[in-house]
Amino acid sequence: MLDIQQLTGGYGTVPVLQNVNFTVPDQSIVGLIGLNGAGKSTTIKHIIGLLKPLSGKILVNGQSLDDDANAYHQAIAYVPETPVLYPELTLQEHIDLTIMAYDLDKKTAWAKANELLAKFRLDNKLAWFPDNFSKGMKQKVMIVCAFITDAQLFIIDEPFTGLDPLAVHDLLDLVQEKKAAGASVLMSTHILATAQQYADEFVLLKAGQVRAQGDLETLSDKFGIANASLDDIYMAMSEEGAQA
Ligand SMILES: Nc1ncnc2c1ncn2[C@@H]1O[C@H](COP(=O)(O)OP(=O)(O)OP(=O)(O)O)[C@@H](O)[C@H]1O
């Protein structure tokens, strides 16, 4: 479970996020939704420990980064929007590095990796350098590395752009498998129809603050729109911004 309490933070002393509170319960998929510049990436950078909060707390299974940095990092698997790969490492070495970083059992992890590599049609590329792959292939490498871990929290930043439709489908299957196994999943996306279909709840971020959190029914009530789609709610939230 991810629990964000009164998080104020950003870059240097400029607080982009103000008193952000939300949770991603076990066994659930939460969509992180908001306009460009609302603070989605900044929130994710705080969760993975790239930025330090000015105030507030971020707990993953009750532990903060300061309690035990290694355990905190091992509890999180992150698939960034822009793949981050090591130019000097082969695909095989990226997987070996993940196994080391997450202290995984080598045999079990490689069995999972081989299954995922075949799914994403990368199984004949183990000796290649992913730094030279296409953007979608690079994203698939990040997905394979994330999904061989036993992380309890999966953070996936804009998964639906850059991947081919087959890969999006396969990724969503993997996300649902992890959810069924008890993991928490936070997905940041602008693709509202897919988010509506797959996420259990949504966190609506607006100008660095949480405007609302809940399932579609709760959000429909909060925005006073009967049977609203996520798209309807998003539009209503944007219009509030225009009036403010
Ligand atoms: N490296 C940075 N230094 C200073 N300010 C930044 C930095 N990155 C982002 N910001 C600012 O923080 C605010 C939130 O940006 P953020 O990238 O978190 O938005 P986002 O919701 O992820 O947007 P998008 O949908 O465009 O990806 C913006 O005002 C942005 O200008």
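# Exercises on helices, sheets and turns

The buried residues of helix H6 are Ala167, Leu171, Val175 and Lys178. A residue is called buried if 20 or more other C-beta atoms lie within 10 Å of its own, exposed if 12 or fewer do, and partly exposed in between, with the C-beta atoms placed from the backbone. Helices (H or I, at least four residues) and strands (E, at least two) are DSSP runs that are numbered from the N terminus.

The structure is a predicted model, in which local features need pLDDT of at least 70 and side-chain atom pairs count only at pLDDT 80 or more, while totals for chains, interfaces and linings use all residues. Residues are numbered from 1 along each chain as its sequence is written.

## Exercise 1: the two sides of H6

Find out how the buried residues of H6 are placed around its axis, and what covers them.

*Step 1.* Begin with the length: at 1.5 Å a residue, the 16 residues of H6 (165–180) should span 22 Å, and the end C-alpha atoms are 23 Å apart, which agrees. The expected span is 1.5 Å times one less than the number of residues.

*Step 2.* Look down the axis of H6: the buried residues cover an arc of only 80°, which puts them on the same side of the helix. The arc is that of the directions from the helix axis to the C-beta atoms. An α-helix has 3.6 residues a turn, so residues three or four places apart point the same way.

*Step 3.* Turn to the other side of H6, where Pro165, Leu166, His169, Asp173, Glu177 and Ala180 are exposed.

*Step 4.* Among the elements that cover the buried residues are strand S3, helix H5 (135–147), strand S6 (153–157) and strand S7; here two residues are in contact if their C-beta atoms, placed from the backbone, lie within 7 Å.

## Exercise 2: the face of H3

Which residues of helix H3 (91–101) are buried, and against which helices do they pack?

*Step 1.* Pick out the buried residues of H3, which are Leu91, His94, Ile95, Thr98 and Ile99.

*Step 2.* Seen down the axis of H3, these residues fall within an arc of 140°, so they line one face of the helix.

*Step 3.* The buried residues of H3 pack against helices H4 and H5.

*Step 4.* Go on past the end of the helix, where H3 is followed by Asp103, whose phi is positive, near 55°.

## Exercise 3: the two sheets

Work out the strand order and the edge strands of the sheet with six strands, and then those of the sheet with three.

*Step 1.* Two strands pair if DSSP finds at least two bridges between them. Six strands form an open, mixed sheet in the order S5-S6-S7-S3-S8-S9. At its edges are S5 (76–79) and S9 (209–214), each of which pairs on one side only.

*Step 2.* Inside this sheet, S3 (28–34) and S7 (184–188) run parallel and are joined by five bridges, with Gly31 standing opposite Met187. S8 (201–206) and S9 run antiparallel, also with five bridges, and Phe202 stands opposite Gly214.

*Step 3.* The other open sheet is antiparallel and has three strands in the order S2-S1-S4. S2 (14–24) and S4 (55–60) stand at its edges, each with a single partner strand, so one side of each is left without a neighbour in the sheet.

*Step 4.* In this sheet S1 (2–11) and S4 pair in the antiparallel sense over five bridges, and Leu2 stands opposite Val60.

## Exercise 4: positive phi outside glycine

Arg121 and Glu158 each have a positive phi; decide whether each is buried or exposed.

*Step 1.* Arg121, with phi near 50°, is in the loop between helix H4 (106–119) and H5. Because Arg121 has 12 C-beta neighbours inside 10 Å, it counts as exposed.

*Step 2.* Glu158, with phi near 40°, is found in the loop between S6 and H6. Glu158 has 20 other C-beta atoms within 10 Å and is therefore buried.
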